[in-house]
Amino acid sequence: MSNRFSRVFAFALMLVMLLASMNLTASAASYSYGSNSFNLLNMSGHSITEVYFYPSYNSTWGNARNRGWIYNGREATLSFTSAEMRLNTEWSMRIGFDKGRYVSYALWEDISPAELVEAQNVTVYANEQGGYTLDYDGTTPTGDDNEFTILNMTGLAITEVYFYPASNSTWGNSRNREWIYNGDEETMRFSYNELGLNVEWCMTIGLNRGRYVSYITWEGLTLADFVNCDYVNIYSNGDGYTISFEDDSYYY
């Protein structure tokens with residue numbers, strides 16, 4: 001009787017420990033997903049092929065954290081494990097950028113996973129020195145005012161609309177969903193990451209000329225001017241084209 005009781009007690013104890021272990025595992029997974037992740041926005045002008053995080057003392061980079069390429073203008077959610085978050089050491093971050101025939105890598109050292117997670121939104125963009133900069137100071141604009149409306153009064157159809165930091169070598173992805181015909185308008189939005197970047201921006205639009213598309217570029221723009229007005233009017237001024245919003249105008 002005593003042996004039977006012992007076996008039943010031992011089985012019950014193992015069952016309790018198994019359930020507790022499963023519960024702890026589930027809790028850890030939930031915590032990791034909610035508290036150990038951040039968004040990486042690519043405004044570098046190139047596609048990001050790989051993102052690596054590893055303790056600086058490691059001789060290898062480990063596995064890439066991204067599941068696929070992060071194209072210019074796109075973002076991806078990246079995560080650390082709970083064990084990595086607790087690791088008291090300096091980290092390195094290495095990002096691969098697609099340059100066509102080869103991949104170039106940029107390295108940041110003394111990276112803190114806690115700072116990235118706390119910021120939540122991290123942006124990588126090209127700088128004037130020909131390299132790349134990480135922006136994760138956590139200064140994210142508040143409110144919902146990140147939209148603007150473009151009104152096309154050029155006399156032609158707008159085929160593409162690009163916004164990109166002036167330091168970028170490429171335009172990124174077009175912001176409009178479809179052609180904006182003369183007299184029509186389309187509402188677009190910037191991400192809060194983009195609004196938080198303290199850089200000068202360029203705007204390039206494509207105009208349908210029938211057999212070809214001509215491109216017009218304005219430089220030295222501030223995104224706040226776009227989102228702080230009711231609409232942005234693009235029109236012909238006789239010699240070229242003008243952007244007008246509120247009291248400001250930029251001439252081509």
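**Entry 1. Pairing of strand β8**

I take two strands as paired if DSSP finds at least two bridges between them. I apply this to a predicted model. I began with strand β8, which covers residues 147–153. Which strands pair with β8, and in what sense? I found that strand β13 (residues 232–236) pairs with β8 in the parallel sense, over four bridges. Within that pairing, I150 stands opposite V232 of β13. I found that strand β10 (residues 185–189) also pairs with β8, in the antiparallel sense and over five bridges. There, the residue opposite L151 is E185 of β10.

I then looked up how far β8 is covered. Five of the seven residues in β8 are buried, and I therefore record the strand as mostly covered, buried being under 20% relative accessible area.

**Entry 2. The salt bridge between β8 and β10**

I next looked for side-chain links between these two strands. R189 and E147 form a salt bridge, with an N to O distance of 2.3 Å. R189 belongs to strand β10 and E147 to strand β8, so this pair ties together parts that are 42 residues apart in sequence. Are the two partners buried or exposed? R189 has 52% relative accessibility and so counts as exposed. E147, at a relative accessible area of 36%, is partly exposed.

**Entry 3. Other salt bridges**

I searched the whole structure and noted four salt bridges. One of them joins E84 and R65, whose closest N and O atoms are 2.9 Å apart. E84 sits in helix α2 (residues 82–86), while R65 sits in the loop between β2 (48–55) and β3 (75–79), so parts 19 residues apart in sequence are tied together. I checked the cover of both residues. E84 has a relative accessible area of 17% and is buried, because the cut-off for buried is under 20%. R65, at 22% relative accessibility, counts as partly exposed.

I also noted the salt bridge in which the side chains of E194 and R175 meet, at 2.9 Å from N to O. This pair links distant parts of the chain: E194 is in helix α4 and R175 is in the loop between β9 and β10, 19 residues apart. E194 counts as buried at 4% relative accessibility, whereas R175 is partly exposed with a relative accessible area of 22%.

**Entry 4. The open sheet**

In what order do the strands of the open sheet run? I read the order as β9-β11-β12, three strands with antiparallel pairing. β9 (158–165) and β12 are the edge strands, and each pairs on one side only. Averaged over neighbouring strands and with direction ignored, the turn of one strand against the next is 15 degrees. I examined one pairing in this sheet further: β9 and strand β11 (residues 201–208) pair in the antiparallel sense over seven bridges. M203 in β11 is the bridge partner of F163.

**Entry 5. A nonpolar patch**

I found a nonpolar surface patch of about 240 Å², made by W171, V213 and Y215. I placed V213 in strand β12, residues 213–221. V213 has a relative accessible area of 31% and is partly exposed. This residue can belong to the patch because patches take residues with over 30% relative accessible area.

**Entry 6. Surroundings of L197**

I located L197 in the loop between α4 (192–195) and β11. L197 has 6% relative accessibility and so counts as buried. What does L197 contact beyond its neighbours within four places in sequence? I recorded T123, Y125 and D135. I also looked up the C-alpha separation between L197 and P165, which is 8.9 Å for residues 32 apart along the chain.

**Entry 7. Totals for the protein chain**

I closed with values for the whole protein chain. I counted five helices and 15 strands in its secondary structure. Of its 252 residues, 41% are buried. Taking contacts between residues at least 6 apart in sequence, I noted that 63% join residues at least 24 apart. The protein chain exposes about 14,600 Å², of which carbon and sulfur atoms supply 49%.

Note on methods:
Residues numbered from 1 in each chain as written. Predicted model: local features only at pLDDT ≥ 70, side-chain atom pairs only at ≥ 80, totals over all residues. Heavy atoms only, no water. Buried < 20%, exposed > 50% of the residue type's maximum accessible area, 1.4 Å probe, protein only. Patch = residues over 30% accessible without salt bridge, like charges linked within 9 Å, V, L, I, M, F, W, Y side chains within 5 Å. Areas by Shrake-Rupley, 256 points an atom, 1.4 Å probe, with all protein chains shown as cover. Axes fitted to C-alpha atoms, helices over the stretch in contact; angles between N-to-C directions. Contact = heavy atoms within 4.5 Å.
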